[in-house]
Amino acid sequence: MRNDPILNRAAYLAKKNKYEDAIKMLKDHESRYRDSFRYYYLYAVICLHSGNFLEAKENFDLARKRKINDPGTMLGHAVLYLKRMNTVQAVSYYLEVQEMDPKNKISKKALETIRKHSASEDLSDWIASDKLKKLFPPIPAAVLDGKDIFKAILIFAAVLLAVYGILAFLNIAPHPFKSNNLRAAAEYTLSSQERGEPVQIGGFYRYILTRDEAINLYDRALSQFSSYRDEAAKININRILESNASEGLKNRARLMMDNMEVPGFDNFKRGDNPSYNDVYNEPVIYRNVHVIWRGMATNVEVTDEYTRFDLLVGYDTRTSLEGIVPVIFRVPVAIYTERPLEVLGKISLESSYSAINLEGVAIHQSGRLE
């Protein structure tokens, strides 16, 4: 995108709260920007911040015609729907933004606000208190051209080198090639005794491992854990825990599992996501493993303390059904039964080890999944 002095100047004026001056500048040059998404989006956001909601909607509509999946435009439409108390349409837009940008703070705050003020009177009072501005998309910053960016990079590099030189002189500079992408794994490394006696003799176990198989299985789990592939590591650890591996090996494996993290949609390793059939065929090794499964929700029950529903796994296309899995969230969650959804949850098994359940962590649900 090229540097544009008119749009940059309008953005600068708006950031100084000189909305009328910014809008006048944009109106005076409207004929130059008939097909410009940036123009209509900037115009819409400035109108929104100035309180001219009618013109804001008109220009958000024009911007979306030129770029239909822009998160900022969706945030603008969403907050306008919210102002009109149309929470259903507002939530739909906010969910779409979260799916495209899981770290978007405005959509997250908006959904929390709608959930907190679910009663229409509470939400109306909240909007009337002038807090709605917190959900406005920000006024875009000026766009630099290639020369400006190159100059900025040179200045930043010079500052960085100067700071690094000072740190090096003080002998506290970090090593430039040291990797911080791996977890510390020293406390989980097997001792020589544990490696020497990795299995136990006698007893009844689901899996019987040789000495080499037990050690290789543990080493593979440790490597995955070090690389933050927790769900893949859990599968290997569960196999160890259900086997004739020694108690020392199992205790190390339990300690490793206790220090794993709960994933979110933004950092879940989709490549390690087991299918429903994988879990159904060998459920015991997937206990406590997090999965993301897509489908439809039915038999929804929502209270102040929990949400329960049955997930029709694989039925998001309405053509095939892989299985039905009960899901429970320990908090109330909005579920739209007419739309497909993705559920991030932890697998739990009943005492029979055959009935699969999901303890819900998060949900993605929007029209984009259809």
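**Notebook: cores, barrel and helix α6**

I began with the nonpolar cores; the largest has 49 residues, and Leu82 and Tyr94 have the most contacts inside it. I then listed the elements that give two or more residues to this core: α1 (5-15), α2 (19-28), α3 (37-50), α4, α5, α6, α7 and α8 (120-128). The most comes from α3, with eleven residues. I note here that the model is predicted.

**Leu82**

Which residues does Leu82 touch, not counting those up to four places away in sequence? I found Thr87, Ala90, Tyr94, Ile114, Leu123, Ile127, Leu132 and Leu135. Tyr94 is thus on the contact list of Leu82, and both residues had come up for their contacts inside the core.

I also looked for a further core. Another one, of 26 residues, lies apart from the largest, and Val279, Ile285, Val313 and Ile363 are among its members. As general background, nonpolar side chains in soluble globular proteins tend to be buried together.

**Helix α6**

I looked up α6 next, as Tyr94 is one of its buried residues. The helix covers residues 87-100, 14 residues in total. From first C-alpha to last it reaches 20 Å, close to the 20 Å expected at 1.5 Å a residue.

Which residues of α6 are buried? My list reads Ala90, Val91, Ser92, Tyr93, Tyr94, Leu95, Glu96, Val97 and Gln98. Glu96 and Gln98 are therefore on the buried list along with Leu95 and Val97, at under 20% relative accessible area.

What covers these buried residues includes α4 (53-66), α5 (71-83), α7 (105-116) and β5 (356-364). I kept β5 in mind for the strands below.

**His117**

I checked His117, which is found in the loop between α7 and α8. Is His117 buried or exposed? Its relative accessible area is 17%, and the limit for buried is under 20%, so His117 counts as buried. Not counting residues up to four places away in sequence, His117 touches Asp122, Leu123 and Trp126. Leu123 also appears among the contacts of Leu82.

**The barrel**

In what order do the five strands close into a barrel? I read β1-β2-β3-β5-β4, with mixed pairing. Neighbouring strands of this sheet are turned by 50° against each other on average, direction ignored.

I followed β4 (residues 341-349) through its pairings. Eight of its nine residues are buried, so β4 is largely enclosed by the rest of the structure. It pairs with β1 (residues 290-302) in the antiparallel sense over six bridges. One bridge I looked up there joins Ile292 to its partner Leu344 in β4.

Towards β5, I counted eight bridges from β4, and these two strands also run antiparallel. Ile347 has Leu358 of β5 as its bridge partner. Val343 stands opposite Ile363 in β5, and Ile363 is one of the residues of the 26-residue core.

**Whole chain**

I closed with the totals. The protein chain has 14 helices and five strands. Of its 370 residues, 44% count as buried. Among contacts between residues at least 6 apart in sequence, 61% join residues at least 24 apart. The chain exposes about 20600 Å², of which carbon and sulfur atoms supply 52%.

Methods. Residues numbered from 1 in each chain as written. Predicted model: local features only at pLDDT ≥ 70, side-chain atom pairs only at ≥ 80, totals over all residues. Heavy atoms only, no water. Helix = DSSP H or I, 4+ residues; strand = E, 2+ residues; numbered from the N terminus. Expected span 1.5 Å × (residues − 1). Buried < 20%, exposed > 50% of the residue type's maximum accessible area, 1.4 Å probe, protein only. Contact = heavy atoms within 4.5 Å. Pairing = 2+ DSSP bridges. Core = buried A, V, L, I, M, F, W, Y, C linked by side-chain atoms within 4.5 Å. Axes fitted to C-alpha atoms, helices over the stretch in contact; angles between N-to-C directions. Areas by Shrake-Rupley, 256 points an atom, 1.4 Å probe, with all protein chains shown as cover.
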